[in-house]
Amino acid sequence: MPYHTNIREEELKNKVAKDYFELYDCTQIIGNVDFYVAIHQSKQEVAEQESLLWAEAKKGSADIYKSLVQLVLTIGKARTFDKYLPPDFLGAFDTEKIAFIPYNSVQEVFYLNDFNWNVTPSNHNTKEFRIIFEKVKSVLDANTLLYFFDKDEVELKKFISNNFVVENFGLTKTRIDKNNFITIYNKWLQTVKPTISANWDIAKKKGVIDGDFYLADLLSHENITLKEKLFVVLKSTKYELNRHLDEWGAFTSSSVDFNDKQVAHTQFWNKYERPPREEYWDYIVERRDLLVPQDVRERKGSFFTPQIWVELSQKYLTDTLGEDWQDEYYVWDCAAGTGNLLAGLTNKYHIFASTLDKQDVEVMRDRIKNGANLLEDHVFQFDFLNDDFSKLPEPLQKIINDPEKRKKLVVYINPPYAEATTARTVTGTGENKSGVTKGQKITEHYRQKINSAANEIFALFMARIYDKIPDAKLAQFSTFKFIQGSNFAKFREFFLANYLKGFIVRADTFDNVNGSFPIGFTIWDLSQKHQIKKVKCDIIANDGKKIGKKTFYGNLPLSINKWIKLFDNKNGGEIGVMENPGLDFQNNKFLNIRNFEGTRHVNYYSFNSKNIIQGSVYFTVRLAIKPTWLNDRDQFLAPNKKWKKDIEFQNDCLAFTLFHGQNRITSEEGTNHWIPFTESEVNARMKFDSNFMTKFIQGKLKQEGNETLLDTEKHRTTPLVFSDEAKAVFEAGLELWKYYHAQPNCNVNASLYDIRAHFQGRSKSGRMQNKSDDERYTQLISKLRDTLKILAQKIEPKVYDYGFLKG
């Protein structure tokens with residue numbers, strides 16, 4: 001039944017509990033979660049209680065998707081799943097509807113190491129909110145677990161009775177399934193791992209992780225591991241590792257004991273029912289990658305390719321190579337992990353899978369026994385970047401060494417992505433990641449051929465494939481750095497191949513990959529030597545539908561950063577500096593104008609009376625276009641000559657620069673030369689320290705000596721003429737300045753940045769707050785931003801027309 005829209009949230013929760021969840025326990029409070037449903041288990045602590053639903057409640061009528069996103073951020077920020085066993089479902093409801101989402105469909109989000117959870121969940125305007133929104137929306141769209149209290153009441157109650165199973169009331173042990181095995185692993189790390197007498201540093205170097213010991217525990221009965229093919233097995237009171245036949249034909253292995261006589265181990269597993277139901281075994285073993293530490297993941301490529309993209313990539317291979325390609329070609333995944341990229345291939349006699357870790361080999365061989373379409377002899381341990389090809393199985397060697405058969409070999413991979421640099425390296429507050437590629441024997445060998453691209457493991461994979469398996473086909477998932485990245489110019493001279501077909505998807509659809517940028521699947525013929533000039537890919541939405549095409553360019557002209565240096569004059573008269581960060585959209589967040597140079601390892605452009613226009617053009621063309629996952633890696637370029645003749649465009653750029661939020665000039669750090677109004681216009685109480693900007697706009701700056709201005713500025717004594725859109729920006733800005741100057745104790749020399757700080761305030765850490773309690777200011781700053789967006793829309797087509805970006 002629908003509820004009255006004016007009902008209070010607490011009353012709504014009570015009514016929903018009574019009307020739909022009366023058989024369950026809805027009385028507990030779990031962290032900051034609004035609504036909790038569990039089976040009645042009076043003898044268990046809440047932390048060990050099996051919960052069925054965690055939900056967000058909203059009074060009135062709310063956007064149910066946004067409510068779910070808020071719940072996910074609430075859980076992730078507090079790491080509620082570390083303290084309580086996660087539920088079967090997450091949900092959200094208001095007075096008219098309720099939605100459910102399977103917990104396991106979003107649980108990987110909670111383990112994103114590079115995701116910023118320190119955001120306010122209720123703030124729907126953050127980048128993090130948008131990232132989670134896309135994930136939740138796609139799952140909801142695919143599963144349609146949405147019910148309205150009025151028209152869907154029967155279906156809703158049936159859904160609850162079928163899925164909120166209560167026949168196991170009174171269990172004293174917690175069941176383990178695909179929803180909670182990671183949460184229990186995190187508890188195991190705290191309780192059991194410290195009691196295992198293993199040298200974890202040595203184990204890590206040998207490719208053994210603590211997760212292997214956990215799997216040995218989890219998939220056991222009465223302390224005997226049931227899956228013998230695991231690299232680590234539990235044998236009653238000790239673990240056995242690397243069980244193999246010695247030279248005498250007898251089984252031998254290494255053993256690891258407990259340092260507390262197995263007390264903590266016994267007490268821990270007394271709480272849980274193991275093994276899980278057998279239907280979960282393959283899933284849990286196959287998802288060993290979720291137990292791999294992040295640094296190991298990045299170096300070894302322990303990332304699970306989503307099944308939807310596996311299936312689509314194989315369709316593209318069929319479209320490219322023909323319907324019978326699996327019988328006509330051989331396939332080698334040389335970064336196979338647990339082999340999920342090969343799922344769906346049919347001719348096991350033509351498939352080879354290798355991986356760095358012996359444990360993953362054992363997982364794949366165990367999956368073969370459970371129906372995986374692979375041959376045991378074709379699954380092998382091989383360090384692709386370091387091992388000699390003589391170690392390959394003889395059938396694969398014969399293919400690689402035969403020029404004709406080699407043309408029929410498809411190297412099909414989702415390689416590791418780790419790189420040496422981090423954002424903190426660029427900002428000057430950190431160092432390069434140590435050992436990312438230094439441990440690879442071939443790094444220095446290929447550095448001579450591909451320069452700094454050798455810092456990235458996926459590029460080393462590509463280089464060795466190209467070098468050692470000439471004339472093969474390469475089908476890979478990767479970013480597009482190798483096509484258009486500025487650090488890959490030398491790589492593109494080395495890697496000459498013919499692009500055949502490909503598609504791009506959002507990066508955050510992959511496990512543990514955060515960020516709004518494209519990951520592509522591209523197919524290459526290495527026998528045809530062509531320089532990479534442009535690559536056109538299909539754009540694929542999260543639901544798998546094609547929504548357009550995107551072109552990436554490899555033959556890019558001079559960069560915008562080299563162009564702007566032509567006008568950089570550091571010979572005095574400086575009124576501010578501009579950071580010139582990396583060349584693509586992802587680096588635009590670092591672009592700003594400030595009083596003095598900062599610590600980032602970038603060029604700092606010095607503004608003075610001779611180069612304001614060029615600097616403003618640079619600033620504007622980089623910030624006028626909204627960043628998306630599609631353009632995130634697009635490179636900004638040196639323009640053609642058209643911009644020089646477009647005076648209105650230049651003046652629009654100046655207006656945009658003066659009023660944009662990333663202009664952080666402040667009178668706190670020196671004289672503010674950027675005030676775009678006169679004292680009389682804003683009703684200032686006293687004279688400004690500088691009228692530089694208004695004089696520049698009015699054409700009243702005095703020219704010094706024999707120095708010349710930009711051709712369009714030479715001897716200019718007339719005011720700049722602005723477009724209607726730019727005038728609207730100035731008018732909105734004037735209202736804001738006048739309102740600020742009417743405030744008590746205002747700073748007469750305040751910049752836009754100072755005005756924002758005045759009304760929005762700062763947090764304890766010193767960061768400017770996002771919002772203000774002053775309603776009039778909020779109206780004025782919103783109006784200014786709206787006019788700035790309209791101006792940006794006018795400028796956007798010219799950014800492409802003048803060559804600053806390639807369309």
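With which residue does K794 form a salt bridge, and how far apart are the closest N and O atoms? In this predicted model, the partner of K794 is E648, and the closest N and O atoms of the pair are 2.9 Å apart. The contact links distant parts of the chain, since K794 belongs to helix α30 (residues 775-801) and E648 to helix α25 (residues 647-659), with the two positions 146 residues apart in the numbering. E648 has a relative accessibility of 37% and therefore counts as partly exposed, the intermediate class lying between the 20% limit for buried residues and the 50% limit for exposed ones.

The salt bridges of the model come to 29 in total, and two further pairs illustrate the settings in which they are found. The side chains of D94 and K97 meet in a salt bridge with an N to O distance of 2.6 Å. D94 is buried, at 0% relative accessibility, and K97 is likewise assigned to the buried class, with a relative accessible area of 8%; both assignments follow because buried means under 20% relative accessible area. Salt bridges that share partners join D94 and K97, together with E96, into one network. In the pair formed by E404 and K407, the closest N and O atoms are 3.7 Å apart. Here E404 counts as exposed, at 53% relative accessibility, whereas K407, at 34%, counts as partly exposed.

Acidic residues also occur in a surface patch. E323, D324, D327 and E328 together form a patch of negative character. Of these residues, E328 lies in helix α13, which spans residues 325-328, and its relative accessible area of 40% places E328 in the partly exposed class. This value satisfies the requirement for patch membership, because residues in patches must have over 30% relative accessible area.

Helix α8, which comprises residues 210-218, is mostly covered, with 9 of its 9 residues buried. The buried residues of α8 include the acidic residues D210, D212 and D217, as well as F213, Y214, L215 and L218; G211 and A216 complete the set.

Among the strands, β20 (residues 534-540) and β21 (residues 546-553) run antiparallel and are joined by 7 bridges. Within this pairing, K534 has Y553 of β21 as its bridge partner. The two strands form a hairpin with 5 residues between them, and in the turn G544 adopts a positive phi of about 95°.

Note on methods. Residues are numbered from 1 along each chain as its sequence is written. This is a predicted model: local features need pLDDT of at least 70, side-chain atom pairs count only at pLDDT 80 or more; totals for chains, interfaces and linings use all residues. Side-chain values use heavy atoms; hydrogens and water are left out. Two strands pair if DSSP finds at least two bridges between them. Helices (H or I, at least four residues) and strands (E, at least two) are DSSP runs, numbered from the N terminus. Patches are made of residues with over 30% relative accessible area and no salt bridge: like charges are joined within 9 Å, nonpolar side chains (Val, Leu, Ile, Met, Phe, Trp, Tyr) within 5 Å. Accessible areas come from the Shrake-Rupley method with a 1.4 Å probe; for residues, only the protein chains shown count as cover. A salt bridge is a side-chain nitrogen of Lys or Arg within 4 Å of a carboxyl oxygen of Asp or Glu. Lys and Arg count as positive and Asp and Glu as negative; His and the chain ends are not counted. The place of a charge is taken as NZ of Lys, CZ of Arg, CG of Asp or CD of Glu. Buried means under 20% relative accessible area, exposed over 50%, partly exposed in between (1.4 Å probe, protein chains only).
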